[in-house]
Amino acid sequence: MRRTHRDIDYDLRRSGRHKTASLYIERDGKVTVIVPDYLTDSQIDELIELKRSWIYKGLAEWRDLNASRVQREFVNGEGFPYLGKFYRLRFVERQSAPLTLSGGYFCLRSDVVNPKAAFRDFYREKGMERIPGRVAAYTAKLGLEAPSVRVMELKNRWASCSPNGNLTFHWRALMAPRTVLDYIVAHEVVHLVHANHTEAFWGTLDRILPDYHDRKEWLRQKGAGLAI
Ligand SMILES: [Zn+2]
C-alpha cells in the first residue's frame, strides 16, 4: 500500500511473519517499509519520523549512485565492461557459445534471442572461474576454510553471506576492475567472521586488504555504471 508521511512516500507492507519493522531503499529508489501486523497507523508514522534522517541519507546515496547509471543497448559497437575494461559488441554468425570475448570484442551470435541473458551467463561463468580462488586467498589469510561460492543475481547488493557461511556474488561484480572485485570478495569474506559493519569488521578487512578505502570509494562512485 502506498502511503505518505509528511514528505516521505513509501510502500507499506504488513507482515505476520515480521517481528520488527524493516526499511529499505529499493533499487528503483522507492522506499519500502515492512511492519508487523499489529502496528497501528500512528505507530507507523512514529517509526517513519524516527527513521527520517536514515531515509534521507539512503535516498541521497541512491541518487549519487544512480547519477552514473547507464542503459546499454545491444547494438554493434556498444561497449560492455569486463574486469574494468570496455569491449565493443560485434555480431557474429558462426560461433558455438552465444557470447564470447575474443580478439578484443564481445562476440554475440546473431541468432541469440535474449542478449541480456547471454551476458549474464557469460559473467556468471567467468565469476565461477575467478571468484572461488580469490575467496580462498582471503579466507586463508584469516585461517578459515574456503566456503562454497555462487554467482547469481542479487537484489541491491554486490554479495551476500548466508548464516551457514556460503558466499554469493552478483554477476555484475565481474564488470569491475580486478582490484575492486577483490575488495568485494575480501569484504564478504570478513562477513564470515563479523556479521555487521562494526569497527571490528573494518579492522579485520584492513588486515587482509590494507588499501581497501580507494576500492570501496571507486565502487561507491562508479558501481551503478556496472550494469547492462
Ligand atoms: Zn558488508
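In sequence, the donor residues of the zinc ion follow the spacing H-x3-H-x5-H. In this predicted model, the protein donors are the NE2 atoms of H187, H191 and H197, lying 2.0 Å from the zinc ion. Of these, H187 belongs to helix α4, whereas H197 lies in the loop between α4 and α5 (199–208), and the two are ten residues apart. The pair therefore links distant parts of the chain. H187 is buried because its relative accessible area of 12% is under the 20% limit for that class. H197, at 48% relative accessibility, counts as partly exposed, as the value falls between the limits of 20% and 50%.

The protein as a whole contains six helices and eleven strands. Its C-alpha atoms fill a box of roughly 65 × 45 × 30 Å along the principal axes. Of the 228 residues in the protein, 43% are buried. Among contacts between residues at least 6 apart in sequence, 45% join residues at least 24 apart.

Two helix contacts involve α4, the helix that carries H187. Two packed helices are described by the angle between their axes and the distance between the axes. For helix α3 (residues 115–141) and helix α4 (residues 178–190), the axes come within 9 Å and cross at roughly 55°. This angle makes α3 oblique to α4, because it lies neither under 35 degrees nor in the range of 65 to 115 degrees. The crossing of α3 with α4 is right-handed. On the α3 side, the residues in contact are R130, I131, R134, V135, Y138 and T139. Their partners in α4 are R178, L181, D182, V185, A186 and V189. By class, this contact comprises seven nonpolar residues, one polar residue and four charged residues.

T139, a residue of helix α3, takes part in the contact with α4. T139 counts as buried, with 1% relative accessibility. Leaving aside residues up to four places away in sequence, T139 touches L144, E145, A146, P147, V189 and L192. Among these, V189 is also listed on the α4 side of the helix contact.

The second contact is that of α4 with α5. The axes of these helices come within 9 Å and cross at roughly 130°. α4 and α5 are therefore oblique to each other, since the angle is not within 65 to 115 degrees and not over 145 degrees. The crossing of α4 and α5 is right-handed. From α4, the residues Y183, A186, H187 and V190 meet F201, W202, T204, L205 and I208 of α5. The contact of α4 with α5 divides into seven nonpolar and two polar residues, with no charged residue. The zinc donor residue H187 is thus one of the α4 residues that meet α5. A186 takes part in the contact with α5 and also in the contact with α3.

Towards the N terminus, R3 is found in strand β1. With a relative accessible area of 14%, R3 is buried. Apart from residues up to four places away in sequence, R3 touches I8, D9, Y10, L12, D41, I44 and D45. One of these residues, D45, is separated from R3 by 42 residues in sequence, with a C-alpha to C-alpha separation of 9.9 Å.

Backbone conformation was also examined. Most residues other than glycine have a negative phi, and most peptide bonds are trans. R6 has a positive phi, near 50°, and is placed in the loop between β1 (2–5) and β2 (8–15). R6 is exposed, with a relative accessible area of 59%. A positive phi, near 65°, is also found at N156, likewise a residue other than glycine. N156 lies in the loop between β9 (149–152) and β10 (159–161). The relative accessible area of N156 is 41%, and the residue is partly exposed.

Terms used
Residues numbered from 1 in each chain as written. Predicted model: local features only at pLDDT ≥ 70, side-chain atom pairs only at ≥ 80, totals over all residues. Heavy atoms only, no water. Axes fitted to C-alpha atoms, helices over the stretch in contact; angles between N-to-C directions. Helix = DSSP H or I, 4+ residues; strand = E, 2+ residues; numbered from the N terminus. Left-handed = near helix turned anticlockwise from the far one by under 90°. Contact = heavy atoms within 4.5 Å. Nonpolar A, V, L, I, M, F, W, Y, C, P; charged D, E, K, R; others polar. Donors = N, O, S within 2.8 Å, 3.2 Å for Na, K, Ca; no water. Buried < 20%, exposed > 50% of the residue type's maximum accessible area, 1.4 Å probe, protein only.
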